[in-house]
Amino acid sequence: MPTVADTLAALVAIDSVNPAYPTVGGAPGPGEGAVAAWVEAFLVERGIRTVVQPVLPGRANVVGVVPGRDGGRRVVLEAHMDTVSPAGMTIAPFAPRVVDGRLHGRGACDVKGGLAAMLEALADLAAGPPPPTEVVLAAVIDEEHAFRGVSRLVELLRAAAAVGAEPTDLRIVTASKGVLRFRIHVHGRAAHTSKPWLGANAVVEAARVVLALDAFHATLAARGHALLGSATGTVSMIAGGVQINIVPEACTLAVDRRLLPAESAAAALDEYRRVLATVEILPGCRIEVEEPFLVDEALDTPADRPAVAAARDVASRLGLDGEL
């Protein structure tokens, strides 16, 4: 019988780089299609009821269901099938190999190891007596870019509890920062650089915006959470200008804001708009805040929830650290 390591090796050998990133050779990643087909075959071969949920063209979630004694309760095991780019790796990314007891290859840790463990766990459950509750394995797309797989998944089902497979060193994680990502456009007026006074330099005005945002981000250190630390914000990308002898008429900034559970993305974006309203820029320039291209609210599961208590009990019985 194949072991969980065999299952992991088979998954790692499949290139499932997210199309948002380059794979070997520089072409966009192929996406999760081949892994989804492998997972579907794994489930079907073991007689597990399988649902394929289309999300994007050629990209689908794969859901396996093991019925439980209580059909009104459900536990979800969730793992994503895509990986980031193999660029910069010093080993063959899709040729899994074991060294000193660890399997190496793109996605082995994040998160095909978790997916392999969950697949084997579901197979074990399916081969035995019905578990107390329905157990669902959800292998989803697009975690590494825009979370569109899990966003579609929650339209399909609800659950009493869910466990996400992310590398945590087998620690129990009950809280996670959220993220708000958006762009700020600074608009100016083009002119020839021999007569710059005829234009309005969007790059220079964007620099004022960056300094204002940097000062605002420094104040976020005062906002804290017992497990997560402080809220943060970063101006992480900037692009402006088209030619060295033209006063730039446009400059774009990208902002990554990490949210605490007490914060909402909508309120954070409103706060940015208020900060930007205080920035003094030249006449002829204006600031535009684009709607966010990624919103992921924070997670904070109370420590007294039954699912947390159960996870801590399991960790204790396995000799693991049960502290949250």
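A residue counts as buried when its relative accessible area is under 20%, and as exposed when that area is over 50%. Keep those two cut-offs in mind for the views below, all taken from a predicted model.

**View 1. Helix α2 keeps its buried residues on one face.**
Which residues of α2 are buried? They are V35, A36, V39, F42 and L43. Looking down the axis of α2, you would find these buried residues within an arc of 125°, so they line one face of the helix. On the face turned away from the buried side sit the exposed residues V44 and E45. The length of α2 also agrees with expectation: residues 33-45 make 13 residues, which should span 18 Å at 1.5 Å a residue, and the end C-alpha atoms are indeed 18 Å apart.

**View 2. The partners of α2, and what follows the helix.**
What do the buried residues of α2 pack against? Their partners are the helices α1 (4-12) and α3 (108-127), together with the strands β1 (49-56), β2 (59-66) and β6 (133-140). After α2 comes G47, a residue with a positive phi, near 75°.

**View 3. G31, a buried glycine in a loop.**
Now step to the loop between α1 and α2, where G31 lies. Is G31 buried or exposed? Its relative accessible area is 2%, so G31 is buried. Apart from neighbours within four places in sequence, G31 touches D15, S16, V17 and P19. You can also look for R59 here: G31 and R59 are 28 residues apart along the chain, and their C-alpha atoms are separated by 7.1 Å.

**View 4. V17, a contact of G31 in the loop between α1 and α2.**
V17 belongs to the loop between α1 and α2. With a relative accessibility of 0%, V17 counts as buried. Which residues does V17 contact, once neighbours within four places in sequence are set aside? Some belong to the stretch that follows in the chain: P22, T23, G29, P30 and G31. The others are T83, V84, S85, P86 and F94. For a sense of distance, try R102: V17 and R102 are 85 residues apart in sequence, and their C-alpha atoms are 21 Å apart in space.

**View 5. Helix α6 and its two sides.**
Helix α6 covers residues 265-277, 13 residues in total. From its first C-alpha to its last, α6 reaches 19 Å, close to the 18 Å expected at 1.5 Å a residue. Its buried residues are A265, A268, L269, E271, Y272, V275 and L276. Why do these residues share a side of α6? They cover an arc of only 155° around the axis, which puts them on the same side of the helix. The face turned away from that buried side carries the exposed residues A266, R274 and A277.

**View 6. What α6 packs against.**
The buried residues of α6 pack against one helix, α5 (202-219), and against several strands. These strands are β9 (178-187), β13 (232-240), β15 (250-259), β16 (286-289) and β17 (294-296).

**View 7. Three spots with backbone angles to look at.**
Where is the cis peptide bond in this view? It runs from D110 to V111, with omega near 0°, and V111 lies in helix α3. Next, find F147 in the loop between β6 and α4 (148-156). F147 is not a glycine, yet its phi is positive, about 60°. D169, also not a glycine, has a positive phi of about 60° as well. You will find D169 in the loop between β7 (161-164) and β8 (175-176). With a relative accessibility of 78%, D169 counts as exposed.

**View 8. Stepping back to the whole protein.**
The close-ups belong to a protein with 7 helices and 18 strands. Its C-alpha atoms fill a box of roughly 80 × 45 × 40 Å along the principal axes. How much of the protein is buried? Of its 324 residues, 38% count as buried. Among contacts with a separation of 6 or more, 73% come from residues 24 or more positions apart. The protein exposes about 16900 Å², with carbon and sulfur atoms supplying 57% of that area. Finally, there are 29 positive and 37 negative charges, and their mean positions are 3 Å apart.

How values were computed:
Residues are numbered from 1 along each chain as its sequence is written. This is a predicted model: local features need pLDDT of at least 70, side-chain atom pairs count only at pLDDT 80 or more; totals for chains, interfaces and linings use all residues. Side-chain values use heavy atoms; hydrogens and water are left out. Helices (H or I, at least four residues) and strands (E, at least two) are DSSP runs, numbered from the N terminus. The expected span of a helix is 1.5 Å times one less than its number of residues. Buried means under 20% relative accessible area, exposed over 50%, partly exposed in between (1.4 Å probe, protein chains only). The arc is that of the directions from the helix axis to the C-beta atoms. Contact means heavy atoms within 4.5 Å. Accessible areas come from the Shrake-Rupley method with a 1.4 Å probe; for residues, only the protein chains shown count as cover. Lys and Arg count as positive and Asp and Glu as negative; His and the chain ends are not counted. The place of a charge is taken as NZ of Lys, CZ of Arg, CG of Asp or CD of Glu.
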